[in-house]
Amino acid sequence: QAVEVVVPPLLEQERIVEILEDQLSRLGTALQSVHTVREKAAQFRRSLLHAAFTGALTGHDVEEGQLPEGWELGALEGLLDVSIGGIWGKEEGTLEVDVDVIRVTELKAHGVINPATAARRSITHKQLSSRSLQEGDLLLEKSGGGPKTPVGRVGYIPKLDSASVCSNFMQLMRPNRERVLPVFLHLFLTGFHSNGGTVALQTATTNIRNIKSSEYLATTVPLPSLEEQERIVEILEDQLSRLDASLAVVDAVEERSEALRRSLLHSAFTGRLTEEWREAVNV
């Protein structure tokens with residue numbers, strides 16, 4: 001189908017281009033500022049997480065690479081009561097029980113999981129008994145990622161309203177609460193990923209990256225007492241919530257800028273942008 005193009009006189013075309021270039025340049029400058037704020041926010045988040053798991057956040061003064069007094073290192077695998085791969089199951093209604101399947105799709109920024117969009121699938125009672133998700137479980141992204149995003153993100157399971165499992169592209173990890181708080185471990189693993197810790201633990205094909213699960217589970221985790229873990233989580237959640245609130249303002253600015261860009265272009269090619277100019281020059 002042919003596309004019709006509205007063509008004003010050349011003189012008006014020049015005026016439209018002049019106005020658009022000025023306004024879009026201003027918008028571009030504003031959006032560049034938005035990108036700069038995002039980059040600085042990401043740097044601050046990484047710095048905050050680094051401080052949390054080296055002891056600086058809770059007042060320890062130790063040399064880089066040293067553990068604060070009373071902390072220990074524990075292999076991730078030894079901090080888990082359960083570590084098992086997920087399952088995709090069959091079409092809904094074909095096996096013993098229908099469940100929600102949490103996929104990589106439900107894993108959002110900073111490890112937030114949105115169960116509302118989970119797939120509905122069918123599995124056996126035995127599969128559910130070994131993989132049923134509980135609040136505080138962690139889900140490791142075993143397969144996915146991309147050229148700019150290494151695989152290995154970790155999601156935190158919120159309170160769920162229905163029986164759920166994770167997909168076969170993910171690994172269920174259930175922390176041992178006598179040794180580590182689930183939120184503490186989630187924050188550590190999120191920081192580990194954001195600081196590039198999983199890059200060396202992935203294999204890559206053209207489009208898909210896979211985590212080397214055995215090597216990932218050998219990752220060492222700095223462990224303060226449960227009381228100090230609680231304090232670290234408290235400080236982090238407060239600081240990160242403030243950061244997220246600031247970024248929400250940035251999101252709003254970006255959305256308004258994009259809306260203004262669309263409005264400018266629409267006005268330009270419907271004649272409204274140069275309406276006053278036409279009247280002034282008697283066109």
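**Close-up views of a predicted model**

**View 1. Ser257 in its surroundings.** With a relative accessibility of 8%, Ser257 counts as buried, a word that stands for under 20% relative accessible area, while exposed stands for over 50% and partly exposed for what lies in between (1.4 Å probe, protein chains only). Ser257 belongs to helix α5, where helices (H or I, at least four residues) and strands (E, at least two) are DSSP runs numbered from the N terminus. When its neighbours within four places in sequence are left aside, Ser257 is in contact (heavy atoms within 4.5 Å) with Leu27 and Leu31. This is a predicted model, in which local features need pLDDT of at least 70 and side-chain atom pairs count only at pLDDT 80 or more, whereas totals for chains, interfaces and linings use all residues. Residues are numbered from 1 along each chain as its sequence is written, and side-chain values use heavy atoms, with hydrogens and water left out.

**View 2. The largest nonpolar core.** A nonpolar core is a set of buried Ala, Val, Leu, Ile, Met, Phe, Trp, Tyr and Cys residues joined through side-chain atoms within 4.5 Å. The largest one here has 36 residues, and those with the most contacts inside it are Leu76, Met173, Leu189, Tyr216 and Leu236. At least two residues of this core come from each of α1 (10-52), β5 (138-141), α3 (182-194), α4 (213-217), β12 (220-223) and α5 (226-268), and the largest share, 7 residues, is supplied by α5. Apart from this core lies another, of 11 residues, which include Ile102, Ile113, Ala118 and Leu133. Returning to Leu236, and leaving aside its neighbours within four places in sequence, one finds it in contact with Leu48, Leu49, Ala52, Phe53, Leu57 and Leu187.

**View 3. Aromatic rings around Phe53.** Rings of Phe, Tyr and Trp (its six-membered ring) pair if their centres lie within 6.5 Å, and planes under 30 degrees apart count as stacked, over 60 as edge-to-face and the rest as tilted. The structure holds 4 such aromatic pairs. In one of them, Phe53 and Phe184 meet edge-to-face, 5.1 Å from centre to centre and with 75 degrees between the planes; Phe53 sits in the loop between α1 and β1 (72-75) and Phe184 in helix α3, so that distant parts of the chain, 131 residues apart, are linked. Both Phe53 and Phe184 are buried. Phe53 also forms an edge-to-face pair with Phe188, at 5.3 Å between centres and 85 degrees between planes. Phe53, Phe184, Phe188, Phe192 and Tyr216 together form one aromatic cluster.

**View 4. Salt bridges between distant parts of the chain.** A salt bridge is a side-chain nitrogen of Lys or Arg within 4 Å of a carboxyl oxygen of Asp or Glu, and a search of the whole structure finds 15 of them. Arg278 forms one with Glu12, their closest N and O atoms being 2.7 Å apart; because Arg278 lies in helix α6 (residues 275-281) and Glu12 in helix α1, this pair ties together parts that are 266 residues apart in sequence. Arg278 is partly exposed, at 23% relative accessibility, whereas Glu12 is buried, at 5%. Arg174 and Asp137 also meet through their side chains in a salt bridge (2.8 Å, N to O), with Arg174 in strand β9 (170-175) and Asp137 in the loop between α2 (125-131) and β5, 37 residues apart. Both Arg174 and Asp137 are buried.
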